[in-house]
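Thanks for coming. I have a few minutes on one structure, so please look at it while I talk.

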Amino acid sequence: MGKKEKQKTEKKSLINLQEGMEIIDRHSLFGRLGGWICPVKKDVLGKQTASVVTAGGRIYVNEDLLLSPEEWAYILAHQRLHLAFGHFDAAKMPYGEEAGPSGKVDIRLWNMACDLYIMGFLSDLKVGRCPVRIPDHGRAGGDEVKIYQKLLFPGDMPEERQAAAALMELIHMEGLESPIRDWENGINPYSRTFSRALNAAVLSVVEEAGEPEKTGSTSAQTRMAVEWFLSHYPLLGGPAAGFSIVEDYQVCQKLEIQIAAVDVREAVIYLNPAAPLEQEERKFVLAHEYLHAGLRHDSRGRGRDPLLWNIACDFVINGWLKEMEVGVMPQSALYAKEYEGLSAESIYDSLLTDIRFAMKQITFRGYGKGDVLAGTDGNPLPGMGGRKTLSPGLDVWLREALAQGLDWQIKQNGRGYLPLGLVEEIRALSMPPIPWDVKLAEWFEEHFPPIQVHHSYARPSRRQSSTPDIPRPGKVIREEDQWTATFGVVLDTSGSMEKKLLGKALGSIAGYAQAREVSWVRVVFCDAQAYDAGYLAPGEIAGRVEVTGRGGTVLQPAIRFLEEAKDFPPDAPILIITDGRIEDHLWIHREHAFLMPQGSRLPFRTKGQIFYFE
């Protein structure tokens with residue numbers, strides 16, 4: 001198979017998988033069932049394996065395998081039923097004489113029995129299309145244990161046995177060797193979800209036969225949870241009062257939200273009504289999203305990978321909520337004891353050292369998606385228009401809401417269960433942010449210490465005439481010192497870089513450069529091409545700028561030019577002024593920093609500092 005044909009097949013495979021997922025999501029029953037769908041490459045599962053379901057509720061699917069959308073819909077429904085029917089539960093499996101002569105269950109036969117039971121269930125519902133042929137003369141009768149006992153004898157049900165074996169080549173269960181013996185609270189959450197989903201599906205059919213269902217309304221349980229925060233938990237009472245809650249199944253399907261997500265810019269929390277949440281778990285989830293918003297996790301990533309940053313923040317928040325005993329942590333929540341007491345930044349750095357572990361984590365929105373919307377993923381929400389910048393009023397209100405809530409909480413109950421890390425973050429956010437020009441000044445202080453002044457009798461002091469009998473040396477600045485006190489500026493003159501904003505930024509640069517006795521700056525203008533302006537006095541840069549507005553910019557040639565220039569000191573830093581609409585990778589081998597408009601972001605991670613001017 002040629003390269004183009006291979007790419008075409010891979011694209012078709014992915015499209016079919018997505019269409020199969022949409023079929024399941026739209027289904028009144030299977031769209032409400034538990035189980036996280038996790039698309040992976042064929043190297044993870046094997047070339048011919050379509051799907052694996054685990055006891056932890058993850059359904060891995062091979063996005064490189066070419067199946068029809070109907071076959072994918074069948075596979076996904078099949079795997080969710082394994083969870084719903086409790087096929088990983090030790091109490092469900094045959095035991096003793098039921099398991100056979102050895103008294104120990106045969107894992108392969110149990111998998112086949114469960115498959116046959118589900119095949120019969122799905123043939124009645126007619127969901128999707130089974131990828132293997134089901135025997136025409138009838139199906140195995142009885143529950144899973146009875147089917148298992150029939151399979152113990154090779155002569156019984158040969159065609160059913162062959163069909164189940166063929167299906168197991170495509171899809172199977174993983175983790176049956178260590179079945180689950182005890183669920184928290186003694187209830188299988190997937191079976192509980194199935195019961196609720198079945199009731200909801202029946203109700204939706206009844207409502208469709210009568211009056212149409214009203215969507216978007218908030219459930220009584222959610223209203224009670226919000227009222228609890230308003231009346232009993234002042235720390236989060238402010239965000240609870242200011243954020244509206246959208247509890248609409250269709251909207252959550254459209255935004256691919258399995259449990260919950262928050263859009264800080266719209267001040268909205270999305271809560272999937274089909275999520276299997278008890279009332280105390282609902283409180284936990286709402287508190288989780290309130291803290292995401294109040295602590296401004298949508299804007300604090302600063303160039304970090306959006307999903308990994310979201311996951312790191314989830315670990316921190318869930319650890320705090322567990323310590324504060326707010327509600328009950330759902331089983332799917334991200335939590336690790338070794339991360340207790342660490343900041344989101346520290347956890348993010350730890351996740352970078354183990355990407356395979358990090359990418360297996362699941363947020364409340366779902367696998368491979370952050371539950372902080374319209375800010376961390378860098379893309380507009382489906383059907384919600386383009387990205388928006390958080391209004392200054394809402395930003396101030398969020399900071400003050402948490403700060404005032406913290407004061408009320410401490411006044412009523414003392415610090416109590418409030419984690420020190422959370423208190424420190426709220427206190428830090430309530431302080432006015434350091435202006436960008438002050439941070440830029442600190443950068444200049446770090447890289448440009450005052451030029452050392454030498455004394456020489458070759459140039460007499462100006463005070464010599466007043467004391468002609470006393471020789472006084474004059475102050476001399478060596479040429480080589482002036483030469484090393486310089487830096488490079490790579491200036492993006494295209495895209496949305498408004499001249500007024502550039503003037504403000506360049507004016508600040510000129511002021512700081514002159515204050516640090518930097519006489520000359522090496523400037524390279526860059527839009528579609530790089531243009532060397534040579535050495536300029538700091539005050540001359542702004543007058544030489546022309547904003548061309550031709551869209552994207554490639555900055556690498558300008559960086560390479562400066563690094564290879566023989567008349568540019570090897571240890572001089574580079575300041576890059578851009579709006580972020582540049583190439584996906586930028587290699588810089590010396591000290592550097594970025595100066596960018598507020599609200600923009602780089603398409604890659606950087607070790608250099610980033611200053612955001614307003």
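I will go through the nonpolar cores, then two glutamates with unusual backbone angles.

Keep in mind that this is a predicted model.

Let me begin with the core. The largest nonpolar core has 67 residues, and the members that touch the most others are F229, L235, L236, Y290 and M324. By element, α12 is the top contributor to this core, supplying 12 residues.

Take F229 from that group. What is F229 in contact with, once neighbours within four places in sequence are set aside? The list is P234, L236, G237, A240, K283, L286, A287, Y290 and V326. L236 and Y290 appear there, and they are also on the list of members touching the most others in the core.

A second core lies apart from the largest one; 58 residues make it up, including A77, A99, V145 and W183.

Now the backbone. E256 has a positive phi, near 55 degrees, and is not a glycine. Its place is the loop that runs between α10, residues 249–254, and β6, residues 260–263. E256 counts as partly exposed because its relative accessibility is 45%, and the partly exposed class ends at 50%.

The other case is E325, where phi is again positive, near 60 degrees, in a residue other than glycine. E325 sits in the loop between α12, residues 306–324, and α13, residues 344–352. Is E325 buried or exposed? Its relative accessibility is 55%, so E325 counts as exposed.

That is what I have on the cores and the two loop residues.

Definitions and conventions: Residues are numbered from 1 along each chain as its sequence is written. This is a predicted model: local features need pLDDT of at least 70, side-chain atom pairs count only at pLDDT 80 or more; totals for chains, interfaces and linings use all residues. Side-chain values use heavy atoms; hydrogens and water are left out. Helices (H or I, at least four residues) and strands (E, at least two) are DSSP runs, numbered from the N terminus. Buried means under 20% relative accessible area, exposed over 50%, partly exposed in between (1.4 Å probe, protein chains only). A nonpolar core is a set of buried Ala, Val, Leu, Ile, Met, Phe, Trp, Tyr and Cys residues joined through side-chain atoms within 4.5 Å. Contact means heavy atoms within 4.5 Å.
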